[in-house]
Amino acid sequence: MPRASAYLSKRGSTERAKPAFLMGVLFAAAALFPLRAQSTSHAQIAKDSLAPLSISTRAVSPDRFLAVHGRKALLDGYATGGLEMWAYPLEVLDGYQIAFREPGTTSAISGPSILRRVIYRPESVTRIYIGPDFIVRERLFVPLDHSAAILTYQVTGVPSLQIAVHFHLVLNLMWPAGIGGQDISWNAQAHGYILSEPTHRFSAVIGSTAVVAHDPVYNRPHSSPDAGSGFTIVAKANAPEADATVVIAAGTGDIAATSGKVAALTASRGTLYEQALEHYRSLLQSSIAVETPDAALNQELRWSQIALDQAWVCNPQLGCGLVAGYGPSRGARRPQYAWFFAGDAMTAVDALLSEGEYSRARDALNFIARYQDPKTGMIWHEMSQSAGLIDWVHGYPYMFVHVDISFQYLQTVEHYVAASGDAEFLTAHWNSVAAAYRYCSSLIGTDGLPEIPADKEGGDEQDRMQDELTLSAAWVAASQAYSQMATWMGKPAESAAAHTASERARRASAARYWDPHANFWVDGHTAQGKPIFHRSSNGNVALRDGIFSASQQSIALDALAAATFQTDWGTRSVPTDSPAYQPGSYATGSVWAVNTANVARAFWSAGRASTANQIWSSLEVWPRMNALGHMDEVLAGDTFHEQMESVPEQTWSSAGFLRTAIQGLLGITIDSKDRTLTLTPQPPADWNFFTVRNVSIGDSVATLAWQRTNDGEQLTITNAGPPFTLNDTIALPSGATLQSIKVNGKPVQADRTGKSPSVHMSIPRGTTTIRARIAGGIAVVVPRTNPLLDDASRGVKLIREQFSGGEYTLTVDASSRYGATLSLLTPSQIVAVDGAQWKPDGDAHYRLTIPPDLAAAAYRRVIIRVHLRTK
């Protein structure tokens, strides 16, 4: 193989109240088509472009969550437990389970006992049951724009297998609203059970068009709580669509209309399914597509985009917006975070902007602005799906409680306008933006920093503070964002005043929140002015805003990179040596995906890419531990497992993962307003290429193809639209120098005024190639650890790397029990290493080994000095 460049790798890279009704159904399905093999041919992939996104698991434990999403309905639950069905804002049923009975037998086989496999796809989930001599494929599907779920059963083997379905009928509003007096009846014309209530606003149906028998609904005084009803379905074995179908659907008080839904949805199921397929195909074809040497990562990034899309929910009273996630209802009629949180939605908006989904981002911001407090300008915190049916604002203490959301709103609107170039949106919403700024300004104290009113909260719901570092940092950013927006609106005086407020807050924050004795930031202060010093990693947001000095930032980053903060699955919210550390808690020692992504982003912003990549890549195990393709809200801080309160599908976890990949790892920042693309790629040292398609800069769409070469790196840009401006920064490895840059074969001068050399140029329509020759240098590859459930951390943690005078120094925390292994990539010759064993490992590759030390603590600090002879 040709000699590697400085950083070229040879490797590819709670208890529920008793429900109103307990029902059962029984149907039989004839033998159908054989199961498809797990492998998929190229022809099948061409026919089904979503096939590569299928994720299959045989780990079907009781805790394997699944959810199937539409804009108006949700079917969710656990793989071996009961499902619940929501048609917003109603819960229609819960406890949906199945069992099987073969002809001539009396004992039923429970579905969970023979569930062997679950297949997750963007538009559906399929559960596969394997019995003694039969196989049943159960496809769970929710149409995009119907308040319904369609479940189909395909049977192989036993010709007339009976399938019993049990469920609890609910027909009640999402917490905290409620209705009573529900009624159930069998309706032959509806092919199922009709649910109704006395106000005649809501109804629902569960049934099938192939009913041949059913149990009656009894009205008797001593009905057993386990008594139920059922019906039997027989599928026609030779029909084109030979399977059994169950439909669950909600409607208005028009019972006649609801009664017709089973037949109508059964008849149109194929069309509805194809519409869902086409929706996801279109989504993935139009949004940013990232290809890296890591096929599993490519799939996870696509699933993050899908998770953002599946968070879009339409409520008949409130409208359409982004919900915060999905999980089981537990002790209340609330599927965890499947209602509206403005803060979570704005985190998702930032991710939507990074992938070029500007229209959805605009719609999400419109929804947030619609419910802004017209009196104060404050942005709301949360709304239940039933908020449109009750006095949510005045009767419940949840709507306007978090002051930090208004600060976030200013930043997010500015991000949207810059990224999308949508100046009309800013003009239309200027009164909303100005009102939010006035509200934020009303909280500013005499020192120029925000104070939290006694009846409100900041970003920390667990510890009541008078002021917070994170809120002060948000004011620095929010006031600067308002300054920029005021400039765009032609209001120079307002812009200047906001800029002054931002700079004043920046200076005041540095003085108020840095503890020189502990050499770390203060989280905030109590109402009595006492510092709160938990050493929360959430303060990392202050690093990106330049609040602390360069030396303070370096000290903080070193601390955040240490094993006290870092696990093999992300960053702890407080370190293990904090007096507040509780690894099983919700917020003091647990690991949050969104916070981990933010920490990685802080390292990328500081130019410490190797540590950033290690921290960010720890999130790659999240989409495969529970609801496949989706990410949990929070994990424990001691061993790898979900924290007790964690929501299995958390929108902002997927949003943080995606946004940081695009903006940090790939270094892509889009400013459509100024028609500018800024690139600072900082991929792992063992990546030889990445490609990013569908990068939208205004009305231009570009493809970026980056690759390492034998003597540096090359960026090829294919622009399918009008010219745009490129600012491309070349992130050099430690000790490397830039020799030259050529654009389409012609030498150009690099801008060397910044920390790293860069190129600024106009990119015309067509193909532009930028090639950089790089000499020397050295880079480290930190192996990724893939923990299993209940594993403690064992992976090495990279604190920092330095290069000076031919000596390359690595500071790491290594597991005392397991030791550590690192790889170095360099064209230079290593002559000696202090602090680790070393040996050549191929051309321009070296392997470093830190042996175990069982006498030391769980982790120990190791300094490795690598002495180089330049060739």
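**Close-up views of a predicted model**

**Figure 1. The salt bridge between D558 and R608.** The side chains of D558 and R608 form a salt bridge, with N and O 2.6 Å apart. D558 belongs to helix α16 (residues 550–561), whereas R608 sits in the loop between α17 (593–605) and α18 (609–617), so the pair ties together parts that are 50 residues apart in sequence. D558 is partly exposed, at 21% relative accessibility. R608, by contrast, has a relative accessible area of 15% and is buried. This view, like those that follow, is taken from a predicted model.

**Figure 2. Helix α17 and the residue G607 that follows it.** Helix α17 comprises 13 residues and spans 18 Å from its first C-alpha to its last, close to the 18 Å expected at 1.5 Å a residue. Because eleven of these 13 residues are buried, α17 is largely enclosed by the rest of the structure. The buried residues include A593, V594, N595, T596, A597 and N598. Also among them are V599, A600, A602, F603 and W604. After α17 comes G607, which has a positive phi near 80°.

**Figure 3. The salt-bridge network of E274, E278 and R281.** Salt bridges link E274, E278 and R281 in a network. Within this network, the closest N and O atoms of R281 and E278 are 3.2 Å apart. Both R281 and E278 are part of helix α5 (residues 269–286), where three residues, about one turn of the helix, separate them. An α-helix has 3.6 residues a turn, so residues three or four places apart point the same way. R281 is buried, its relative accessible area being 13%. E278 is partly exposed, at 40% relative accessibility.

**Figure 4. The salt bridge between R121 and E123.** R121 and E123 are joined through their side chains by a salt bridge of 2.6 Å, N to O. Relative accessibility is 14% for R121, which counts as buried. E123 is likewise buried, and its relative accessible area is 2%. In total, the structure contains 24 salt bridges.

**Figure 5. W380 in the largest nonpolar core.** The largest nonpolar core consists of 161 residues, and W380, W616 and L677 are those with the most contacts inside it. Helix α13 (residues 469–488) contributes ten residues to this core, the most of any element. When neighbours within four places in sequence are set aside, W380 is in contact with F340, F341, A342, F367 and I368, among others. Its further contacts on this basis include Y371, Q372, M399, F400 and I405. A second core, separate from this one, has 74 residues, among them L53, I55, V158 and A249. In soluble globular proteins, nonpolar side chains tend to be buried together.

**Figure 6. Strand β44 and its pairing with β39 and β41.** Strand β44 (residues 766–775) runs antiparallel to strand β39 (residues 712–719), and eight bridges join the two. In this pairing, L715 has I770 of β44 as its bridge partner. Strand β41 (residues 737–743) also pairs with β44 in the antiparallel sense, over six bridges. Here L738 stands opposite I774 of β44.

Notes:
Residues numbered from 1 in each chain as written. Predicted model: local features only at pLDDT ≥ 70, side-chain atom pairs only at ≥ 80, totals over all residues. Heavy atoms only, no water. Salt bridge = Lys/Arg side-chain N within 4 Å of Asp/Glu carboxyl O. Buried < 20%, exposed > 50% of the residue type's maximum accessible area, 1.4 Å probe, protein only. Helix = DSSP H or I, 4+ residues; strand = E, 2+ residues; numbered from the N terminus. Core = buried A, V, L, I, M, F, W, Y, C linked by side-chain atoms within 4.5 Å. Contact = heavy atoms within 4.5 Å. Pairing = 2+ DSSP bridges. Expected span 1.5 Å × (residues − 1).
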